[in-house]
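I opened this structure to look up its pockets and the residues around them. My entries follow in the order in which I made them.

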Amino acid sequence: MIDQLIDKDIELLIYLNNLGTTQWDGFWLFMSNKFSAIPLYLLLLYFTYRQFGLKKTVVVVLFVVLLIALSDQTSNLFKYGFKRLRPCNNENISNLIRLVGGRCGGLYGYFSAHAANSMAIAVFFWLLLRSKLNYLFPILFLWAILVSYSRIYLGVHFPLDVLTGMFFGLIYATLFYALFKTFLKKIMR
């Protein structure tokens, strides 16, 4: 069963990755670049400040830093625990995919930290700001999906790497939001 799932994952990667064209490469490289989201982060910080004030915004930033650290470290733990080669490092399929941008990343790819981190940020900030800015969810979710898909497009992650990362991001964001709300009630009243 696991072998069949992995085979389907490889097939789906090859199919999706080969849909790419040079006209779209720049867009997907931009979406995958960690610095491209800085304007979004600044906007989320501004909205947070407007809704919560300076003191609580500082607390939000600390929670987000811890959220991303946990998400990133869990990804590394899985990568070195499962040791699943990235598609671009897998000799059996590397000639069947497009490696866009010429960078493969580390040796192992299960699961995608890009997908986990972007989903974690999207869900956490949606939960945080939804009472006044509910329209943010589709925007944040679309951004997280695009960042996540960019990893498949670029040829550096399998679809299951991305889906697992998104799942962990969702779980961690929900957990950290609950912790944040508890912290506000018990500590910052």
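The entries below take the pockets one at a time.

Before starting, I noted that this is a predicted model, in which local features need pLDDT of at least 70 and side-chain atom pairs count only at pLDDT 80 or more, while totals for chains, interfaces and linings use all residues. Residues are numbered from 1 along each chain as its sequence is written, and side-chain values use heavy atoms, with hydrogens and water left out.

I looked up the largest pocket (on a 1 Å grid over the protein atoms alone, an open set of points where a 1.4 Å probe fits, with protein on both sides within 12 Å along at least five of seven lines). Its volume, the space filled by probe spheres set on the points, is about 1100 Å³. Of the 43 lining residues, meaning those with an atom within 4 Å of a point, Ser32, Asn33, Lys34, His114 and Asn117 are the closest to the centre.

I then asked which elements give two or more residues to this lining, and found helix 2 (22–32), helix 3 (38–82), helix 4 (113–133) and helix 5 (136–153), where a helix is a DSSP run of H or I with at least four residues, numbered from the N terminus. Helix 3 gives the most, with 14 residues.

I turned next to the second largest pocket, which holds about 160 Å³ of space and is lined by Ile2, Leu5, Ile6, Phe82, Arg84, Tyr110, Leu160 and Thr164. Helix 1 (2–17) and helix 6 (159–188) each supply at least two of these residues, and helix 1 gives the most, with three.
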